[in-house]
Each structure stands twice: as C-alpha cells, then as structure tokens.
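Let's take a walk through this model together, looking at how its parts meet.

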Amino acid sequence: MRVFRGNSSHRLTDTTRGLRDTFVDLGGWFFFFSIIYIILLFKVVTYDSISSHVFFGIYSLLITSYILSRFLFAYLHKPIPIDLTYEPSVTFVVPAKDEEDNIEETIRRFATVEYPREKIEVIVINDGSSDRTLERMHRVAHEIEGAVRRVEVVNFPINRGKRYGMAEGAKRAEHEIVIFIDSDSFIEPSAVRHLVKYFSDPSVGAASGHTDVWNRDTNLLTQMQAIRYYIAFKVYKAAESIFGAVTCCPGCCSAYRRKYVMEFVDEWLHQKFLGVECTYGDDRSLTNFMIRKYRAVYSPMAKAHTVVPDKFRKYMRQQQRWKKSWIRETFIAATFMWKKNLIAATSFYSYVFLAFISPIVFFRAVVWYPAVYDSWPVVYLTGLFLMLLLHGLYYRIHVGPRAWLLAIGNFWFNTVILMWQLPWAVLTLRDTRWGTR
Amino acid sequence: MYLDLSIRKIGILTFIFFVLLWGVFLTFDVKDRRYGSTPPFASVGLAFQEVSLRAWYALESGMWRTSQTASAAFAFLAGWPTESHSSRNARAIPTLTYHRIVGSQNDLNNVTVANFKDQMLTLKRSGWESITLKEYREFIAGERDLPEKSFLITFDDGAKESFYPVDPLFEVLGYEGVLYVIASAMYTLESTYYLSPVEIQRLLDTGRWEIGSHSYDGHQPYPTDREGNGGIFFADKLWREKEARLETDEEFTVRVREDLVHARSTLETAYDRSVDTFAFPLGNETGIEGASNFSEGAAITEDQAERVYSLGFLQTTPHRYSFNYPAESSFIAYRIHVDHDWDGKRLLQEMENGIPKDLPFEDDFSTDRGWLPAWGELDLGKNNLSLTADGDASSASVFLDGSKLWQSYSFNAAMNWQSGSVFLLADVVNSKTYHSCAFSDGIVRLQSTVDGETKILGEKRDSSISHGNDIRIGIRVRGSVIECLWDYRSILEAYERPRTGGIGIQVWNPELGTAALTVSDILVQPF
C-alpha cells in the first residue's frame, strides 16, 4: 500500500510513474499483439501443409483459434459487484493430513476475513495425520474462537481420504455456503464476499476463487507454476466462467451451495470408476456433479494463495494425479456437456480433442518427420514457442517482471514433458498407487 | 452469462481485429510487391539482410568518412602533401565479371562477401570509379572522355545473391552494376536463387543498375546425342528427339537466333527499356572449350548475336590485352573474370597492370607488372621472369599487358640464355600477331607474325650472337623501321612495319618441353 503524503511534488512523481507504467503496458500489449500477428502470418504461410494434411491442418487451426478464443473470452469476462445486502452464512471446511507447517496460518486467516462474525463457522478435519497437525489444529482453533461463531475440530484417527474429510465437513456444516480451503492455502480477507456474491443467483452452485502461488520465488519450478496458475485462472477459467461452465472449482479455494451439494454428496463420496473407488480428483469430481444441473463460476477477485511443490518429483506426481482425474471427469462431463450453451460445449469438446491429439502431433512433428524427411520441425516448434510466449507476455503485462522469460523456457520444456503424462495416465487409470501425496 | 459487451471492449476488439487483418494483408502485399514469388520465409531473410546491410554500411561509411575528413584535416593542418588521384583520361576500360556473392565459399565460380567487400573498398580507395554501360559505349565510340581509373562491373545469371549482398555496398560507394539476366530463369516461381521480375524492376529503380541479356534459355546443358549427354546450347548441335538425329547447320542457326531474339524482346517488354547488350553464357567464347560436335557453332552464335545486339561480352584470355580499347572497337568486348581467391589487393594489381603504361618502362620483376602468359609456364618469383615450355610444346610466350598503345620505343632485355632461340616481340597486337627479333645461336631474324603465321622480313648471321649468362638483346621500332639489337648495337633492320603495339618475349627449342629462359630485367625507352 502506498502512503500518500499531501505533497504536490509527490503527486507529480505518481503521474510520471503512471505514465511510465502506461507506456510499459502499451509496449507489452504491442508485443502481445505482434506475437498474434506473427502467429497469423505463420498460419497463412503454412496454409499449403494445412490443406494437404487435413487432419493435422484442422488441429493446427483449431488449437490456434482455441487459445486465442480463451484470451478473447477472458477479456470479455465481467465479474459482478459485491452485493452488501446479500450475506449468506458460510462454513470453512479444511481437511488436512500431515500439514503441521501450514495449518495454523491457513486457519488463522479465517479470523481476519471481512464478514460478520456470526455468519462464519470453521470445521477442520484431521485425516489420520502422523505429525502434530491435530495438536496445532486445536491450538489455532482456540485462538480464533472469538472471531467466528463456532469452530469444530474433527479427528479421523486413521486416514480415510480427502473426500471423506470434505464430505464430513459439508455434512456437519450448519451454514448455507461451504467454502473448501486446502490445508496449505491462505485466503485474503476480501475473498469471502467475492465468493458468496455469485450465490444470490439460484442457478449458481459453485464458485472458484483465484489462487496464486504462495511460494512463487523459491525456484524456477515454482516460478513456472506461478505463471501456469495465473494463466489457468485468469484466462482459461474466466473463459469457462462466461457461460457458468467452469469444469473444476479447485479445492484450494472454492465455494459450494450446501443445499445442492447434499443432493449428491454420497454419490460423490462413493464414486467408482472402472470398478475402483475414486480417491483423487475430489474437487473436479464435485464440480462435475454440480454442473450437471447448476452453474459453476470463477470469481477473479476472491484471492487466495497456495503452496506448490518445489521439488520436481513431487510436482510430477501431482501432475500425474491431476491428469488421471482430468481424464476420468472429462469422460463423465462429455456425456452431458452437449446440453449446455453451444459455445461452452464447443470449447469443451475442442479442448478434449486437442488434449488427446497434441501428443500425436508432437510426435509426428518432432520425431517422425525429422526421421523420415531429415528436416527440422522449425514451424511446429516456433508455433509452440510463440503460443507459450503469448501466455508469458500476458503474465508479464499483468503481474510484472519476475524472471518470466526464463520461466517460459521452463514452461515449454515442461509442457513438452507433461503432454506425455496424458497417454501414460490413460494407461494407468486404474492404478491408484499415486493417489496420495 | 457473465459477459461484458460494453461499447468500449467491443470497440477495442474490433479495432485490434482490423489492425491485425490489415497487418497480415499488408505484409503479404509488401512481400509480393518487393520479392515477387520468392517463398515467404526466404523473403523474410532477404528483408532482414537488406535492412541490416544497409544500416551497417551506412554506419561504416559514416565512420570511414569521418576518419577520412579527420585525417585529411589533420594532414592539411600539418602541411603534408595530399594524395591526389590521377586526373588523366582513360585510354582503355576494363570490365569485371562476377556471378554470385556468397556467404561461404561453395564453389570456385563465386566470390565471398568478405572478398567482394575488400575488393570494392580497395578499388574505391585507389580512386577507381564504376561507369554505366552508356558511358562505356560512348567512350568506345570516341564520344566521351572518362577518368583513367574507370571500370564496368557486371554480374551474370541474375541471381538473388548478385543483388542483395551487393547493392547496399554500391549505394554507399556510389558504384553501379550491370546484371545479365537469363530471361527464362527470372520467371521461375518461388525461387530462392533467381531474382523475380518484381525484384529486377526494383533493382532497376535504384538507378544504380542496368540489365543485359544472358540468353533466354541458353545457360543449361541440353542433350547432344541419343544417350542425353549434355552439350552447350550456343556451341553444339543438339539432339532432336523426334527426328532421332542431330540438328542441321540451319536448324542450329535458327535455334540460336530465336533464343537471342526471344531474350531481348522478353526483357525489353518486361522492363520497358532497350536491352541491347549480351553476355555469352559460359562465356569463354561461348564455351568453345566445351564444344564437342560443331566447331563452327561458336562463330555462328557470335555472328547471330551481332545481328540482334550491339555489344557482346566474352571472357578475356591471356592472348589479349585485358582492357577494352576504342580503336579496336567491334561487336565483342572482353571481361576480366574475378577469381574466388582474389582479395582486394590482388584485384587492384590485376586492374592496375592493365592500365595503358607510360614510357619509359623498367621492370626488374620484383612484382608482377602484368605479364600475360600466352602459352607455356611463367614464373615471376626470385626477381626474374622465367619462361618454360609445357612438356608437350616447343615454345613459351608472354607479353606485357598495358603496352598496346606504345608506338616508338627501344625494348632491351638482359637475360640468361642457354639453349634454343629467344624472341623479343614488339608491336604486339595480341599473342598471335606481332613483330619479333628472333635470336638463335649465330643468327638473328626479323619476323612478322599475323594470326600465328610467320613471315621472315630479314636475316643476318653474326658470330657474336651466342648463348650466355647475361646477354643483352633489344628490338627498336619507330615509324616504319624495325631494328634488332645485340649488345645495344643495331645489327638488322627492316622497313616494313604495318602495325604498332606492345612488347613480349618468347623462347623456342625444337626438343619438346625443353625451351627455357630467364630474364633478369628489361628497359623500354621512348625512341
């Protein structure tokens, strides 16, 4: 927060700073649209190869229009203003396992939210932790007792899984809106108002907050994840949100209408896929149940921060988990998404197509073609690089310089690697071994 | 729906959409208008090259000019004498031939960018200025004077690499060039090798370039027999597939004529200007060395070319003076081929050696002053001129480039003469036409050789004429008198002198491969 001194010369500096920022912003946007311009030139120039290989040509055009459409929709997305007359009661539900380092801060934040005391309750679930999580829970619960209506600490002596924790919290909740927070996520004081404001519309069943990376500056991996999180929310979720068809309200910070959740909580809890009970992808699954009948939105101003893996192996395992849940839930969503708004449905099915075809296209361009024709896949790699540059530039314009260029390079590398987790995930879909962290 | 369709946002999106659309269309329009059918990626590369080269040369020339001004100012202040370039008029003009200017040496025909730049800068610094075709023609016709160090620069084939690496340099140096275009090649679609018509038009619009004809389609090999073995379009009879036989003389003539005419009309129509000069493809006299089945072919081509064009370029050979002289003006003019391994200094030497030389002239062979090796082996190392016959020949011959305009002089040479006969040449018109004093053991002959046919004008026996380590011989010409000198004494005279020209030296020995001579120095004085 800037401290304003009532000094005229200081105001002048602010103006010049403002001008400079505008100049830099304009420069950033100029660069951004120059990239789009170059991408368009590329598409025209490679028209021959597009028209000669219809399948891959369609892929090429589709992926470009899909990504550009995401930026377009995100630009057109409009959040609604806070309605001070609409103040539903909220319950914070925090399932936790072995989170002694972060759990206190997570829960402590609930005491600082800008919302009437009596309308807040907190339910934390200790899911068979082997460390001092339970102890810390009790301690912090005692600490915030006075700031909220009630705090309940639930203990599972033996680990039952996040879903059970979330379900238990939802069932025990006495208030209207259930807000799920991860045990390593920290919300901003204004987040609650920004989450609940959407529920004045009875068609809304879930709202996702905007989560940034807490440990952004730890290393290149976390910086790269910071960009991905930012883009995933600000561009992709915003685009989905226009039609109320957000496919995943993440467990780190999302709000659900309790009444609607109760309609399918048990079905969700005991969800089975390919004969095996589902342990991972709880948030995506819950959202999927919700959007069958109701709408799920994204609230860009409901801010929270979460801790992301800073070690490569942990990161890869997380990504692999997410891929598996994505496959499962996308398969399920594909059965009813066509009923929704035409644009939302088209976007969804396009994305599914693109996600599965990308590894094939990549393989063809980078492995097969060079092997057979002895030519570098310059066009493909440049196109890929331009797309990633576009995302990175977007981040740079909105957030500012933070080694974004290096992160792009890393982003590229990881995209190329992570792409392969999808086919692998398909193959290992029934394997629940990596279900836990 | 949570959609913001405010006027502002829609307005901005529409604006950006149209700007992008306009940008994309404009880009391709510019590409077509500047680079014709060149493929897009190549066009980007060329655009890049153009912009960066012009910027770079502008910078370099700015720096050079600044340092020139600075050093000139300094010299002026210090009272040093300033270097003044020759203010004499040219009496002969050289023409240079290039093909492509390439980034890295890939074959022996093309000059690298580095060498080319070195060559042009060296010439410029020594005061050489390029001329246009028009200026050249007027000079040859005697209608215009040109400064002494004037030269014509030509590029054959009409390739992209003849223009893009070259023009930015020409712009900065104030040089001009002539591009010899293969008329059919310029229509090659999506070529990254040849210039497209749009680019050639742009080249002409710079005002620094002219074009000439390099045939319509006479630059590639065509079959000269049933098996399809390739021959030279302008010198060999081609195989007629349908009739399963070689062409007749008539068919050859017609084919050649049609190509010459077609090339001229195509170029004149495409660029709306007169195109009346021709560079013979594979221009060692239309590839006479490669001609396999029709010895008269090259001559017919030359004849036909003369009917279609007013000037034809061939490559010069060591049998001729390398520059072009007004007095001998004919349809054919000669060009110096710039070799791939010549740096600036070497090219400068070649060109300065060809400038008509002044008398008196002295040569101790410490540097090569322009001795043309007509045949045999010439070695100018060790401060001597060494002449040796090839293994299968009985003689070797050299003559001095730039001596063509000498009229009245006394040419004396000191040499080591151990065997065979030694000839001092005077009035050399070319390697096959000259007068000579032929010294053999005990006898001297005055001879006139025309196109290789020798006539004896006089003969004298003198026992003092004998082999030795350090003999002095001479030949003296003035008016219609030719004299042979031994030890500075005139020992033979003739009063028939139908031609004038420069000097040369020959050695002869009946035993093949043995003729050899070493000359230590020469002196030519006006007489």
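Bear in mind as we go that this is a predicted model. A good place to begin is inside chain B, where 11 residues of domain 1 are in contact with 21 residues of domain 2. On the side of domain 1 of chain B, the residues that lose the most area to domain 2 are His319(B), Tyr321(B) and Asn353(B), which together make up 55% of what that side buries.

To place these two parts along the chain, the domain assignment gives domain 1 of chain B as 40-81 + 89-220 + 275-294 + 309-354, and domain 2 as 361-526. Their centres, taken over C-alpha atoms, are 36 Å apart. Between them about 1,300 Å² is buried, with carbon and sulfur atoms giving 52% of that area.

What kind of polar pairing spans this domain interface? There are 6 residue pairs in polar contact across it, both partners being at pLDDT 80 or more, while the count of salt bridges is 0. The residues of domain 1 of chain B that touch domain 2 comprise 3 nonpolar, 5 polar and 3 charged.

Now turn to where the two chains meet. Chain A brings 24 residues to this contact and chain B brings 17. About 1,900 Å² is buried between chain A and chain B, and 76% of it comes from carbon and sulfur atoms. Here, too, the rule finds 0 salt bridges, and 3 residue pairs are in polar contact (both at pLDDT 80 or more).

On the chain A side, helix H1 (8-45), helix H3 (54-76) and strand S10 (295-306) each give two or more residues. H1(A) supplies the largest share, 8 residues. By type, the chain A residues touching chain B split into 18 nonpolar, 3 polar and 3 charged.

Technical notes. Residues numbered from 1 in each chain as written. Chains lettered and ligands numbered in written order. Predicted model: local features only at pLDDT ≥ 70, side-chain atom pairs only at ≥ 80, totals over all residues. Heavy atoms only, no water. Domains from an automatic or database assignment. Contact = heavy atoms within 4.5 Å. Buried area = accessible area lost by both parts, 1.4 Å probe. Salt bridge = Lys/Arg side-chain N within 4 Å of Asp/Glu carboxyl O. Polar contact = N/O pair within 3.5 Å; in protein donor to acceptor, adjacent residues only side chain to side chain. Nonpolar A, V, L, I, M, F, W, Y, C, P; charged D, E, K, R; others polar. Helix = DSSP H or I, 4+ residues; strand = E, 2+ residues; numbered from the N terminus.
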